[in-house]
Amino acid sequence: MSEHNYEEVWNYAMDQLHTEYKNKGLETEFKLWFNMKYVEDTISTITVSVASEFLWQTMISKGNVKKVEERIQNLTGQKHIQLKSKIIHSSISPLDEDSSTEKETVSEPIETPAKEVPVPTFSVPETVSDTKKTANHPQLLENYTFETFVPGDNSMYAYSASQAAAKNPGRVYNPILLYGGSGLGKTHLMQSIGNYIYKEKGEKVKICYVSAESFTNEFISSLASKTTEKFKSKYRKLDVLLLDDIHFLQGKESTQEELFHTFNALHDKFSQMVFTCDRPITELKGITDRLRTRFSNGLCIDLQPPNYETRRAILIKKLQTQNKYVPDDIIDYIAKNVLTNVRELESALTKILGYSELINKTPTIEIAQELLRDTISSPMSGNITIETIQKVVADQYNISVSDIKSKKRDKKFVVPRHIAIYIARELLEYSFPEISNEFGGRDHTTAMHAYESIQNKLKTDSNLHTTIQMLIRSIKEYKK
């Protein structure tokens, strides 16, 4: 039991730090690296629960434990107060002591053999209770759950909306359309919804996960075998339809017709529908207007490539699920250099782990650099040039490359110029002075202003966001 109640001070200190990080745009980092809960206290210590020794030591090494201690010391005037950790290994709730093992440590770094270091567990609020465990759904991957998904700024909206839909299917967000490039987590979130509902409600719920290609092939087969009524009965009586990769339906009018009627039947009975696509619905060709409208009337969410903090957290989560260890400098190297999507990020980590298991030795950063040479040595800047960016953007806005590089101040030139500068900064490893030099020799502050201007507009202008993503895809395909 606590001798002195510092809980209110703890909560106030953590709220202050949370607000400070949020105002700096670092809320995801706060959630990952201040992942500790108040447990109890004495006159000189506050005990907090954390998911693993590795997480605790990482928070110490990053200075985050010290930040909390100093904040509490300043609030209380007690300079002797220190944090002490209680390690609770549980993927469901960090304070569920009946199903966890505990280990207390103080806030001083300790040396732990590499092979014994676990990686952090990031808990998901209100997850499914252990008491409701059931067999896995035959069409869904067991590891595609909310617990194994690491949300970041690029995916927090999609993650939160998916959770809300899973907890109240058919009533909150219906349908949901998740769109974005390959390997960004669309299928993971889609199947997480299905897994959550199935674990909550069991076999009484009719859930179907199917790719658009399989849906099309099954429909064609039903036409050939004259079993269309059986096909309709199967899909129109579902409680949850998870339809992956709807871009495959482009130009397939008969399948679209059937999906349109299936959509209406499911919507009328409040069945949850989730769709994924590799681009915004507005960019799909050969989709009937009425089906396009059905997709658009729900919640359409764009998934973007993860930022550095999220990429790092994904790697750590992957290690945690496999109970594997990789040195921190290698994790950092992968997170900084594999920028495209989660699939390639995990592929790089798998290559490192495979080598480590083969030679039965922890790899060094030099070995990692050599192993990932083919993956990382050809960054985007090697495949995409400033000239390509300028040409694609100029063509889109019906102006010339010389207009993009000129100092003309008309809006018809300024907007595409700013967009081109923004894309160049995002895709290439160029500094602002280097970019400025490629855009007519401007002062580097002009390029900075252009970049920040687009960055700010993207926060409120979804149409601009769609335009830029379309341009980026065109730029990447231009060299193919």
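The following dialogue introduces helix packing, cysteines and overall makeup in a predicted model.

Trainee: Where should a reader begin, and how many helices and strands does the protein have?

Mentor: One may begin with the inventory of elements. The protein has 22 helices and nine strands.

Trainee: What share of the residues is buried?

Mentor: Of the 480 residues in the protein, 47% are buried.

Trainee: How should the contacts along the sequence be read, and what percentage join residues at least 24 apart?

Mentor: The count considers contacts between residues at least 6 apart in sequence, and 72% of these join residues at least 24 apart.

Trainee: Let us turn to a pair of helices. At what angle do the axes of α9 and α10 cross?

Mentor: Helix α9 spans residues 253-268 and helix α10 spans residues 289-296; their axes come within 10 Å and cross at roughly 40°. An angle between 35 and 65 degrees falls outside the parallel and perpendicular ranges, and α9 and α10 are therefore oblique to each other.

Trainee: Is the crossing of α9 and α10 left-handed or right-handed?

Mentor: That crossing is left-handed. On the α9 side, the contact is made by Gln256, Glu257, Leu259, Phe260, His261, Phe263 and Asn264, while α10 contributes Arg290, Leu291, Arg294 and Phe295. By class, these residues are five nonpolar, three polar and three charged.

Trainee: How do helices α7 and α8 pack?

Mentor: Helix α7 covers residues 212-224 and helix α8 covers residues 228-236; they pack at an angle of about 145°, and their axes are 8 Å apart. From α7, the contact draws on Phe215, Glu218, Phe219, Ser222 and Leu223, and from α8 on Thr228, Phe231, Lys234 and Tyr235. This contact of α7 with α8 comprises five nonpolar, two polar and two charged residues.

Trainee: My last topic is the cysteines. How many disulfides does the structure hold?

Mentor: A disulfide is a covalent bond between the sulfur atoms of two cysteines. This structure holds zero disulfides.

Trainee: Why does cysteine 277 form no such bond?

Mentor: The test is one of distance: the two sulfur atoms must lie within 2.5 Å. For cysteine 277, the closest cysteine sulfur belongs to cysteine 300 and is 9.7 Å away, which is too far for a bond. Seen from cysteine 300, the closest cysteine sulfur is that of cysteine 277, again at 9.7 Å and too far for a bond.

Trainee: Are cysteine 277 and cysteine 300 buried or exposed?

Mentor: Cysteine 277 has 0% relative accessibility, so this residue counts as buried. Cysteine 300, with 31% relative accessibility, counts as partly exposed.

Key. Residues are numbered from 1 along each chain as its sequence is written. This is a predicted model: local features need pLDDT of at least 70, side-chain atom pairs count only at pLDDT 80 or more; totals for chains, interfaces and linings use all residues. Side-chain values use heavy atoms; hydrogens and water are left out. Axes are lines fitted to C-alpha atoms, for helices over the stretch in contact, and angles run from 0 to 180 degrees between N-to-C directions. Helices (H or I, at least four residues) and strands (E, at least two) are DSSP runs, numbered from the N terminus. Angles under 35 degrees count as roughly parallel, over 145 as roughly antiparallel, 65 to 115 as roughly perpendicular and the rest as oblique. A crossing is left-handed if the near helix is turned anticlockwise from the far one by less than a right angle, and right-handed if clockwise. Contact means heavy atoms within 4.5 Å. Ala, Val, Leu, Ile, Met, Phe, Trp, Tyr, Cys and Pro count as nonpolar, Asp, Glu, Lys and Arg as charged, and the others, Gly among them, as polar. Buried means under 20% relative accessible area, exposed over 50%, partly exposed in between (1.4 Å probe, protein chains only).
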